[in-house]
Amino acid sequence: MLRKNQLTITALILGFALFSSCKTPNIVLSNDLKQETTIHEVSGRQGWQFNQIIRFGEFKTSKIKRGWNLGYNFPFVVHFQGAKEKLRFEQITPDNQKAEVFCIGEFKSAEIPLLDDFFAISIHHEDYFAGSIKNEKLNWDFIIYEPDGGSWENTTTGEIVNNHNPKEKIILKAVKKIENQANWINIDVHGFEFIQDGKSIAAVSLLNNGRVWMHNTIDENTKLVVSSVMTGLLVRHSMSEGFEE
């Protein structure tokens, strides 16, 4: 009986160790997100992309559409019809606020100057991911530079701007470090932090299925804007994956 119990305990320990080793690692985040923060696991990211819906916590999307029709007539959509990757979805928050989200990547070279002008970009980059978030009250645009990384710098990599009040911005910062890893070479981007008024208010991990952090103090409009950008990042194709039209 004693030997049987010992074998059972050993099996449980091995099972726990195997489970722990398969868990998605955490990205290294600012101390702002170490307390008063809700963490959500992402579902819907992996697998077949037909009728894809992304969920984290009580946040969810409509079915992700990979392409736009010509029925949308506002500056962001009109400017960038030629981009190879075009995403459209409705982002829905736990209190049922909704926004239409349009995202673009894989720009044609001829559209890069349009992108530079639209977002007043002063430094040219090799890769961009951009989008627009709209409903009856909200009108925000976002731009992310080099979303897949490629350098050792860990600086500001993008921003989300309120078109009703351009001084109101949320800064995006790439996260290149993973917890409990040496992190000697920090080139690839594993996630992003969202920074408002100097404080990190949210984050998204792009590792495996994905993971989301939301600070409990942010308001509902900000949750809608931030979650919209998070979903765009979770469903976009990286440059290494390529994109087939």
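# Reasons behind the descriptions of this predicted model

Author: Ile-39 stands opposite Trp-213 in strand β13. This is a predicted model, in which local features need pLDDT of at least 70 and side-chain atom pairs count only at pLDDT 80 or more, while totals for chains, interfaces and linings use all residues. Residues are numbered from 1 along each chain as its sequence is written, and side-chain values use heavy atoms, with hydrogens and water left out.

Reader: What makes β1 and β13 a pair of strands?

Author: Two strands pair if DSSP finds at least two bridges between them. Strand β1 (residues 37–43) and strand β13 (residues 211–215) share 5 bridges in the antiparallel sense, so they satisfy that condition. Strands here are DSSP runs of E with at least two residues, and helices are runs of H or I with at least four, both numbered from the N terminus. The protein has 4 helices and 13 strands.

Reader: How do you know that β1 and β2 pair, and which residue stands opposite Val-42 in β2?

Author: β1 and strand β2 (residues 55–56) run antiparallel and are joined by 2 bridges, so the requirement of at least two is met. Val-42 stands opposite Phe-56 in β2.

Reader: Why is Phe-56 called buried?

Author: Buried means under 20% relative accessible area, exposed means over 50%, and partly exposed lies in between (1.4 Å probe, protein chains only). Phe-56 has 0% relative accessibility, so it counts as buried. Of the 245 residues of the protein, 45% count as buried.

Reader: Why is the pair of Phe-56 and Phe-59 called stacked?

Author: Rings of Phe, Tyr and Trp (its six-membered ring) pair if their centres lie within 6.5 Å; planes under 30 degrees apart count as stacked, over 60 as edge-to-face and the rest as tilted. A search of the whole structure finds 3 aromatic pairs. In the pair of Phe-56 and Phe-59, the centres are 5.4 Å apart and the planes lie at 25°, so this pair is stacked. Phe-59 is buried as well, because its relative accessible area is 4%.

Reader: Why is the pair of Phe-129 and Phe-142 called tilted?

Author: The ring centres of Phe-129 and Phe-142 are 5.8 Å apart and the planes lie at 55°, so the pair is tilted. Phe-129 lies in strand β7 (residues 128–134) and Phe-142 in strand β8 (residues 139–145), so the pair ties together parts that are 13 residues apart in sequence. Phe-129 has a relative accessible area of 1% and is therefore buried; Phe-142, at 0%, is buried too.

Reader: How do you know that Arg-66 and Glu-85 form a salt bridge?

Author: A salt bridge is a side-chain nitrogen of Lys or Arg within 4 Å of a carboxyl oxygen of Asp or Glu. For Arg-66 and Glu-85 the N to O distance is 3.9 Å, so the pair qualifies. The pair links distant parts of the chain, with Arg-66 in strand β4 (residues 65–66) and Glu-85 in strand β5 (residues 85–92), 19 residues apart. Arg-66 is called partly exposed because its relative accessibility is 30%, whereas Glu-85 is buried at 1%. The structure holds 6 salt bridges.

Reader: What makes Glu-220 and Lys-223 a salt bridge, and how do the two lie in helix α4?

Author: The closest N and O atoms of Glu-220 and Lys-223 are 3.5 Å apart, so the pair falls within the limit of 4 Å. Both belong to helix α4 (residues 220–235), where they are 3 residues apart and therefore separated by about one helical turn. Glu-220 is partly exposed at 29% relative accessible area, and Lys-223 is buried at 18%.

Reader: What makes the largest nonpolar core a core, and which element gives it the largest share?

Author: A nonpolar core is a set of buried Ala, Val, Leu, Ile, Met, Phe, Trp, Tyr and Cys residues joined through side-chain atoms within 4.5 Å. The largest such core has 38 residues, and those with the most contacts inside it include Met-230, Phe-194 and Val-204. The largest share, 8 residues, comes from α4. Contact means heavy atoms within 4.5 Å. Leaving aside its neighbours within four places in sequence, Met-230 is in contact with residues including Phe-56 and Trp-213.
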